[in-house]
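Please open the model in a viewer and keep the sequence panel visible. The tour below proceeds by selections, each followed by a description of what is found there.

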Amino acid sequence: MKVTLTVQASNGDLSHVEGEGHTYEAAKTAAEARIPEGSTAIVIRTARDED
């Protein structure tokens with residue numbers, strides 16, 4: 001499972017961070033750990049890995 005977060009910085013700039021894990025919760029936690037300080041996740045997208 002892959003989670004992509006759209007992140008908004010305090011100045012309004014947008015970026016993306018990703019996280020992967022075996023479950024949604026693990027992937028979301030991994031992505032959230034990559035959010036830069038002072039930024040906020042505003043959109044969450046998910047994708048399952050194709051095995």
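Begin by selecting valine 3 together with glycine 19: in this predicted model, glycine 19 of E2 is the bridge partner of valine 3.

**The first hairpin**

Extend the selection to residues 2-8, which form strand E1, and to residues 14-20, which form strand E2. These two strands pair in the antiparallel sense, with 7 bridges between them. Near one end of the pairing, select lysine 2; opposite lysine 2 stands glutamate 20 of E2.

Now select the 5 residues that lie between the two strands of this hairpin. Which residue of the hairpin takes a positive phi? It is glycine 12, with a phi near 95 degrees.

**The sheet**

Next, add residues 40-47, which make up strand E3. E3 and E1 run antiparallel and are joined by 7 bridges. To see individual pairs, select leucine 5, whose bridge partner in E3 is isoleucine 44. Then return to lysine 2, whose bridge partner in E3 is alanine 47.

With the 3 strands displayed together, an open antiparallel sheet appears in the order E2-E1-E3. E2 and E3 are the edge strands, each pairing on one side only. From one strand to the next, the twist averages 25 degrees.

Is E1 mostly covered or mostly uncovered? It is mostly covered, since 5 of the 7 residues of E1 are buried.

**The helix on the sheet**

Select residues 24-32, which form helix H1. This helix packs on the sheet and touches E1, E2 and E3. The direction of H1 makes about 135 degrees with that of E2.

**A closer view of threonine 6**

Select threonine 6, which has its place in strand E1. Threonine 6 counts as buried because its relative accessibility is 11%, and buried means under 20%.

Then display the surroundings of this residue. Leaving aside residues up to four places away in sequence, threonine 6 touches Leu14, Ser15, His16, Thr40, Ala41, Ile42 and Val43. Among these, histidine 16 deserves a separate selection: its side chain makes a polar contact with the side chain of threonine 6, at 3.4 Å.

A distance display may now be drawn from threonine 6 to valine 17. The two residues are 11 residues apart in sequence, and their C-alpha atoms are 6.8 Å apart in space.

**The salt bridges**

How many salt bridges are counted in the model? The count comes to 2.

For one of them, select glutamate 18 and lysine 2; the closest N and O atoms of this salt bridge are 3.9 Å apart. Glutamate 18 belongs to strand E2 and lysine 2 to strand E1, so the pair ties together parts that are 16 residues apart in sequence. Glutamate 18 counts as partly exposed because its relative accessibility is 38%. Lysine 2 likewise counts as partly exposed, at 27% relative accessibility.

For another, select lysine 28 and glutamate 32, which form a salt bridge with the closest N and O atoms 2.9 Å apart. Both residues lie in helix H1 and are 4 residues apart, about one turn of the helix. Lysine 28 is partly exposed at 24% relative accessibility, and glutamate 32 is partly exposed with a relative accessible area of 36%.

**A final view**

To close, display the sheet in its order E2-E1-E3 together with helix H1, which packs on it. Then show the side chains of glutamate 18 and lysine 2, and those of lysine 28 and glutamate 32, to place the salt bridges within the whole.

Key:
Residues are numbered from 1 along each chain as its sequence is written. This is a predicted model: local features need pLDDT of at least 70, side-chain atom pairs count only at pLDDT 80 or more; totals for chains, interfaces and linings use all residues. Side-chain values use heavy atoms; hydrogens and water are left out. Two strands pair if DSSP finds at least two bridges between them. Buried means under 20% relative accessible area, exposed over 50%, partly exposed in between (1.4 Å probe, protein chains only). Contact means heavy atoms within 4.5 Å. Axes are lines fitted to C-alpha atoms, for helices over the stretch in contact, and angles run from 0 to 180 degrees between N-to-C directions. A polar contact is a pair of N or O atoms within 3.5 Å; within protein, one must be able to donate a hydrogen and the other to accept it, and residues adjacent in sequence count only if both atoms are side-chain atoms. A salt bridge is a side-chain nitrogen of Lys or Arg within 4 Å of a carboxyl oxygen of Asp or Glu.
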